Amino acid sequence: MIKVSKLNKHFGPLHVLKDVDMEVKAGEVVCLIGASGSGKSTLLRCINFLETAQSGEIYIEGRLIDRKKDDLNKIRQEVGMVFQLFNLFPHKTVLGNVIEAPVMVKKTPVKQATEEAMALLEKVGLADKARSYPSQLSGGQKQRVAIARALAMHPKIMLFDEPTSALDPELVGEVLTVMKKLVQEGMTMIVVTHEMAFAREVADWVVYMDEGRIVEVDRPSVIFGNPAHERTRVFLSRVLEPNAGVFGNQPPGNEVCNLCGCKIS
Amino acid sequence: MFKRKLPIMLFVLVVGMAFIVTGCGGADTSPEPPAKATFSYAMSGAYPPFSYFDDNDNLLGFDVEIGTALAEKMGLEADPVPTPWQALPLGLNAGRYDAIIGSMTITEARLEKFDFSDPYYRSGPKLFVRADSNIKGVDDLTAESTIAVLMESVYEELAREYTDKLKFYDNDVLALRELAAGRADAVITDQIVGLTNAKELGLDIVSVGDLLMVEEIGIAIRKGETDLLNAVNQALADIKADGTYLAISEKYVGADISGD
Amino acid sequence: MGIIEYAVDFYSLLVKSYPIFIQATALTLRLTVAALGIGILIGLVFAMMKISKNRFFNAIADGYITVIRGTPLIVQIFWIYYGLAPIINVPAFWAASLALAVHNGAYIAEIFRGGIQSINRGQMEAARSVGMTYGLAMRRIVLPQAFKRCIPPLGNQFIIGLKDSSLAAFVTMPELFMTAMRRAANQPGNALEYYTIAGLYYLALVVVFAFLVKKLERRLDVD
Ligand SMILES: Nc1ncnc2c1ncn2[C@@H]1O[C@H](COP(=O)(O)OP(=O)(O)O)[C@@H](O)[C@H]1O
Ligand SMILES: [Mg+2]
């Protein structure tokens with residue numbers, strides 16, 4: 001479905017992706033884990049061509065994508081993306097957000113697009129919010145709308161960039177439930193996440209990234225049970241350490257969140 | 001809820017705008033395409049009694065009516081174009097009008113840029129002072145005397161002969177007011193203008209001495225347009241001959257100012 | 001003269017001059033609306049050029065904004081009315097409107113640029129990620145949001161533009177300021193009063209307009 005080969009990405013002097021190789025087969029779910037700043041988002045954004053890698057190849061359904069010759073807009077239609085901060089269009093209703101691209105890009109008749117959108121909203125449990133504006137929704141609801149918006153283009157693969165990181169803990173479940181539904185329907189997905197339980201449950205493969213490199217790829221049972229690399233083990237023990245807590249095991253006054261690396265102020 | 005209304009509001013705004021701009025526009029902003037060929041001529045519109053607007057915004061004055069009379073003699077439609085004094089030469093060069101009938105004195109400097117008709121009136125600058133002033137003529141002026149003059153006018157050069165302390169004004173009224181208020185010691189301006197304005201404003205000022213020079217006021221025409229120049233000179237002679245000129249002159253200034 | 005008599009005189013001047021000043025007000029409004037309308041289009045085009053990644057467009061937009069902001073409006077008006085006349089004889093109204101539009105356009109371009117850049121980058125990315133082209137994403141997603149944020153500074157620019165339209169007097173437009181100049185020349189004794197009257201008309205226009213902008217702003221802030 002998607003193959004990434006020897007991908008390198010620099011931001012000025014910063015070498016963010018280093019010879020990244022990855023393959024995702026149709027129907028597979030790949031969870032991408034790793035510390036903050038390890039390049040997970042950048043990898044997703046390169047796959048969706050929101051960023052341009054300096055070298056390396058990206059194949060979609062076996063075809064090498066040429067940035068210059070291929071219509072990237074067409075490709076992006078087939079690759080759905082869900083962002084950490086939702087990025088809903090605030091000036092449009094929930095329904096407006098979902099039908100925008102089908103109507104404006106695919107020229108689907110409004111009536112048909114609306115019917116499809118309502119079915120998608122039904123699926124994410126928000127049919128009753130169709131006429132609301134994003135500002136009237138909770139974070140979990142916003143993220144579910146964002147998922148419906150991406151699905152409306154009938155993508156062949158869905159990319160999730162920390163879809164639950166910005167949510168209050170009690171709202172994480174509703175988004176994960178929707179994502180699990182997609183997994184059951186056989187959607188091909190790459191999910192950057194810190195929800196290790198989710199990864200363990202649904203991932204076909206777990207990819208651990210560190211400092212721009214893919215350190216280890218394996219089945220979740222292996223990664224979470226007996227990872228081959230020391231670095232993977234250290235990362236997971238920090239994240240999963242039940243007593244450590246989010247800011248545990250660190251000198252006081254200078255704590256860094258164990259999940260995403262954010263500082264407490 | 002506004003969100004669906006915003007495009008409508010914008011639409012209304014744009015349509016309204018188009019309506020405002022085109023719908024009721026035109027008439028007083030740009031000259032209508034004339035039925036007859038026109039003779040367009042410019043004056044400041046701020047120089048009574050030569051050119052001014054009355055309370056109903058009608059353009060009147062000696063210059064304006066002379067232009068009308070000349071156009072009639074030439075068989076053309078008169079089209080007076082009031083233009084700020086400083087921009088008069090610009091507009092003539094740019095072809096915004098055919099001539100300047102704007103009480104413009106014929107000078108060497110101006111002759112380099114334009115052709116001038118025969119003088120259509122003669123006047124001259126005089127020295128104006130406050131009634132209680134001890135300046136009784138140009139001989140009483142010293143290097144310390146401040147003279148107020150119209151900016152970009154021939155009076156500027158004249159005033160420099162007596163002092164370097166000049167104050168410049170956009171119109172004679174301001175200059176005369178400065179004189180009356182004691183912020184200038186004297187004003188050099190056209191005697192007709194000075195006298196009519198002083199009377200109008202009720203300023204306690206007087207003219208002293210003789211005409212400082214005899215100015216010949218002509219109609220400026222772009223260089224090389226000899227046909228028009230000749231036609232204007234002919235028409236000028238005609239209106240002087242048939243009494244039209246005298247009537248206009250007496251109507252606005254109360255005397256024959258042709259100086260012939 | 002006592003203050004009462006003066007007030008009475010001023011009032012009668014105000015009433016007497018009402019018909020021509022109303023006419024002049026209409027012209028001032030037409031000039032302003034035309035100038036700002038065209039100015040918004042110009043501003044939009046140059047704002048897009050300024051934020052584009054194309055160096056050539058950047059340079060053009062920068063040059064335009066620098067020249068227009070760096071030279072007096074009256075000079076620009078003269079360029080278009082007198083300078084262009086030998087090439088195309090733009091009627092005075094359109095010359096003045098165009099000059100005012102070109103002038104305001106430079107400021108509006110900066111207003112739009114600021115507005116567009118204030119919209120979170122995520123909006124453009126989300127729009128691109130569902131397959132929208134840059135232009136479509138700009139038109140459907142970014143600009144509508146940016147425009148809303150631009151309303152207060154645009155309102156301000158409109159007020160500036162309204163008052164700047166007085167410079168159209170120098171290309172023969174009998175708008176408010178020119179009307180006052182004519183009255184003042186004709187009745188030098190009341191010159192200051194006539195300029196004050198013109199000022200009052202501008203003030204009234206600005207107050208009404210500021211009120212409308214406030215209303216619009218409040219309306220757009222509903223959510
Ligand atoms: N647009 C950008 N410009 C410069 N540096 C960037 C940009 N985006 C990301 N980076 C840097 O690239 C590195 C990887 O970032 P990212 O892919 O967001 O990591 P992750 O998603 O794993 O936290 C970080 O050091 C980050 O600061
Ligand atoms: Mg990230």
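**Salt bridges, buried helix faces and unusual backbone in a predicted model**

Arg69(C) and Glu110(C) pair up in a salt bridge, with their closest N and O atoms 3.6 Å apart. Arg69(C) sits in helix H3 (residues 55-70) of chain C and Glu110(C) in helix H5 (residues 92-118) of chain C, so the bridge ties together parts that are 41 residues apart in sequence. The two ends differ in cover: Arg69(C) is partly exposed at 42% relative accessible area, whereas Glu110(C) is buried at 15%. As with everything here, this comes from a predicted model.

That pair is one of 33 salt bridges over all chains. Chain B supplies a couple more worth a look. Glu156(B) bridges to Arg160(B), with the closest N and O atoms 3.2 Å apart. Both residues belong to helix H5 (residues 154-160) of chain B and are 4 residues apart, about one turn of the helix. An α-helix has 3.6 residues a turn, so residues three or four places apart point the same way. Arg160(B) itself is partly exposed, at 42% relative accessibility. Further along the chain, the side chains of Glu178(B) and Arg183(B) meet at 3.0 Å, N to O, in another salt bridge. Here Glu178(B) is buried at 13% relative accessibility, while Arg183(B) is partly exposed at 49%.

Salt bridges also run between chains A and C: Lys9(A), Arg45(A), Glu51(A), Arg121(C) and Glu125(C) are linked in a network. Two of these members, Arg121(C) and Glu125(C), fall in helix H6 (residues 121-129) of chain C, which is mostly covered, with 8 of its 9 residues buried. Glu125(C) is among the buried ones, as are Gly122(C), Gln123(C), Met124(C) and Arg128(C). What do the buried residues of H6(C) pack against? Their partners are H1, helix H2 (72-78), S6 and helix H5 (139-151) of chain A, together with helix H7 (134-164) of chain C.

Turning to chain A as a whole, its secondary structure comes to 9 helices and 10 strands. A compact globule of 265 residues would have a radius of gyration near 18 Å, and the 19 Å found for chain A agrees with that. The C-alpha trace spans about 55 × 45 × 35 Å along its principal axes. Buried residues account for 54% of the chain. Of the contacts between residues at least 6 apart in sequence, 62% join residues at least 24 apart. The accessible surface of chain A is about 11900 Å², with 51% of it belonging to carbon and sulfur atoms.

Helix H9 (residues 230-240) of chain A has Thr232(A), Phe235(A), Leu236(A) and Val239(A) buried. Viewed down the axis of H9(A), the buried residues fall within an arc of 95 degrees, so they line one face of the helix. They pack against several elements of chain A, including strand S3 (29-34), helix H7 (196-202) and strand S9 (205-210).

A few backbone oddities round things out. Phe49(A), not a glycine, has a positive phi of about 60 degrees; this residue is in the loop between helix H1 (40-47) and strand S4 (55-60) of chain A, and is buried at 6% relative accessible area. Asn87(A) likewise has a positive phi, near 50 degrees, and is buried at 10%. In chain B, a cis peptide bond joins Pro48(B) and Pro49(B), with omega about 5 degrees.

Lastly, Ile3(C), Ile4(C) and Val8(C) make a nonpolar surface patch with about 350 Å² of accessible area together. Ile3(C) is exposed at 73%.

Key:
Residues numbered from 1 in each chain as written. Chains lettered and ligands numbered in written order. Predicted model: local features only at pLDDT ≥ 70, side-chain atom pairs only at ≥ 80, totals over all residues. Heavy atoms only, no water. Patch = residues over 30% accessible without salt bridge, like charges linked within 9 Å, V, L, I, M, F, W, Y side chains within 5 Å. Areas by Shrake-Rupley, 256 points an atom, 1.4 Å probe, with all protein chains shown as cover. Salt bridge = Lys/Arg side-chain N within 4 Å of Asp/Glu carboxyl O. Buried < 20%, exposed > 50% of the residue type's maximum accessible area, 1.4 Å probe, protein only. Helix = DSSP H or I, 4+ residues; strand = E, 2+ residues; numbered from the N terminus. Arc of directions from axis to C-beta. Contact = heavy atoms within 4.5 Å. Rg over C-alpha atoms; globule rule 2.2 N^0.38 Å.
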